[in-house]
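Okay, thanks for coming, everyone. Have a look at the structure on the screen, and then I'll walk you through it.

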Amino acid sequence: MRWVGTLSLLVFVSCCTFSQETHYSRFDDPKWYARQIQTLHDEVAKIDGDLKTLLESRKSGKGITDAVALDQEPEGVNSDGQIDVLRKRRAELLRQIDALEEQARHNAIPPGDIRKEYEPEPLVSSPLKPSPEVNAVEEALAQAKEGLEHAQKEVDLLRRNQKLKAQQENSNPEPRSRRDKQSDLVGIGMRLTEKEAEVQEAEQKVAELEDQLEDLRRIPANAEARTADTGPSNPNSELSDKDEAYWRKQFAALDDKIRTAQTELDILQRELNSGLVQYDPNPATAMKESITRRRINEHRKAIEKKKKELAELKRQRDELEDALRHAGGPAGWGRE
């Protein structure tokens with residue numbers, strides 16, 4: 001009779017397995033792959049059109065001149081530079097398409113399903129209020145995207161700092177074996193590796209939250225629960241109801257933005273100083289740069305813009321300190 005008990009157990013496990021709720025995952029959704037690939041193909045088509053126009057202009061000579069307007073800032077790189085940039089971007093887009101198709105194949109999605117043309121996702125417009133679960137996931141997703149953007153910015157700044165440090169060390173005439181301290185590039189490289197790992201984790205978190213949000217939106221919600229009135233809120237008690245964790249989180253987020261902006265400002269200034277003493281290896285570009293100072297002027301504009309951004313962030317912090325004081329919170333909540 002043992003086999004009867006085993007069979008009953010298998011049947012029970014199978015029923016439980018089939019009764020489990022299937023959650024949405026973009027990696028099992030042919031429409032998601034199709035829309036991503038279509039967006040990439042559209043950009044490839046646009047690049048192909050731009051490349052055709054540039055190549056025809058270069059061949060015919062129309063719209064191209066070797067003259068340099070000494071009294072004007074150049075609008076950008078020349079046609080050869082534009083063609084090179086577009087070709088690199090096109091190759092990267094095709095690589096992304098191949099990666100998506102390979103991922104779909106790995107998830108057992110038929111190739112024909114991801115090559116269909118699907119209608120765009122309909123915009124959901126309902127008079128019903130979103131459920132508390134949807135609101136919570138939307139808030140978490142917004143925070144995750146902000147964290148991802150911040151991590152990507154830090155990676156970019158570390159790479160720029162790494163490039164500046166490498167230029168500085170390469171211009172040092174003293175042999176490496178006779179230098180007193182270890183290269184700063186080692187520490188920068190380690191931090192860069194850590195931050196790149198953080199970016200990957202943040203990207204994964206954003207993807208999971210987007211899938212979770214889509215999953216929740218596909219579940220029919222109870223209209224009564226969604227339209228339930230939680231009662232009017234008292235705006236006068238809103239600030240006083242916020243606890244220490246809330247205030248510390250707000251100050252920490254602003255302080256983080258201030259530090260990042262200050263770091264970027266420092267790097268911009270160092271890049272400007274480096275640009276003032278370096279020449280482009282291309283003689284034609286070097287001559288043009290020495291006259292128009294395009295890159296230097298662009299960096300100066302970026303520095304002024306970053307200074308204004310930094311001043312605005314500091315102003316926001318002052319306002320947050322005032323709000324904390326008016327709410328009766330201790331000043332220590334605004335300090336690290």
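So, how much area does the protein chain expose, and what share of it do carbon and sulfur atoms supply? The protein chain exposes about 24,400 Å², and 53% of that is supplied by carbon and sulfur atoms. Those accessible areas come from the Shrake-Rupley method with a 1.4 Å probe, and for residues only the protein chains shown count as cover.

Some ground rules before we go on. This is a predicted model, where local features need pLDDT of at least 70 and side-chain atom pairs count only at pLDDT 80 or more, while totals for chains, interfaces and linings use all residues. Residues are numbered from 1 along each chain as its sequence is written, and side-chain values use heavy atoms, with hydrogens and water left out.

How confident is the predictor? pLDDT is its confidence in each residue, from 0 to 100. The mean for the protein chain is 76, and 69% of its residues reach 70 or more. Going element by element, helix α11 (residues 294-326) has the highest mean pLDDT, 89, and helix α1 (residues 2-19) the lowest, 42. Over residues 123-127 the pLDDT stays under 50, and the model has 0 contacts there beyond four places in sequence; contact here means heavy atoms within 4.5 Å. Residues 221-240 are also below 50, but that stretch has 10 contacts beyond near neighbours in sequence.

Now the overall layout. The protein chain has 11 helices and 0 strands. In case you're wondering how those are assigned, helices (H or I, at least four residues) and strands (E, at least two) are DSSP runs, numbered from the N terminus. Of the 336 residues in the protein chain, 24% are buried. Buried means under 20% relative accessible area, exposed means over 50%, and partly exposed is in between, with a 1.4 Å probe and protein chains only. Among contacts between residues at least 6 apart in sequence, 85% join residues at least 24 apart.

Let's go inside. Which residues have the most contacts inside the largest nonpolar core? They are Tyr33, Leu100 and Ile114, in a core of 17 residues. A nonpolar core, by the way, is a set of buried Ala, Val, Leu, Ile, Met, Phe, Trp, Tyr and Cys residues joined through side-chain atoms within 4.5 Å. Two or more residues each come from α2 (30-60) and α3 (79-106), and α2 gives the most, with 8. Setting aside neighbours within four places in sequence, Ile114 touches Pro30, Tyr33, Ala34, Ile37, Glu101, Ala104 and Ile109.

Tyr33 turns up again in an aromatic cluster with Phe27 and Trp32. In the whole structure there are 3 aromatic pairs. Phe27 and Trp32 have ring centres 5.8 Å apart and planes at 75°, so that pair is edge-to-face. The cut-offs: rings of Phe, Tyr and Trp (its six-membered ring) pair if their centres lie within 6.5 Å, and planes under 30 degrees apart are stacked, over 60 edge-to-face, and the rest tilted. Phe27 is partly exposed at 25%, whereas Trp32 is buried at 18%.

Next to Phe27 in the numbering, Asp28 sits in the loop between α1 and α2. Is Asp28 buried or exposed? Exposed, at 52% relative accessibility. Beyond its neighbours within four places, Asp28 contacts Tyr33, Asn107 and Ile109. Its C-alpha is 7.7 Å from that of Ala104, although the two are 76 residues apart in sequence.

Over in the loop between α3 and α4 (111-114) we find Ala108. Ala108 has phi near 60°, a positive value in a residue other than glycine, and it is exposed at 68%.

Two more helices to finish. Helix α6 (residues 184-218) has 35 residues and spans 51 Å from first C-alpha to last, close to the 51 Å expected at 1.5 Å a residue; that expected span is 1.5 Å times one less than the number of residues. Its buried residues include Ile188, Leu192, Lys195 and Val199, and α5 (132-170) is part of what covers the buried residues of α6. Then there's Thr260, in helix α9 (residues 244-277). Thr260 is buried at 11%, and, leaving aside neighbours within four places, it contacts His150, Lys153 and Leu157.

How values were computed: pLDDT = per-residue confidence, 0-100.
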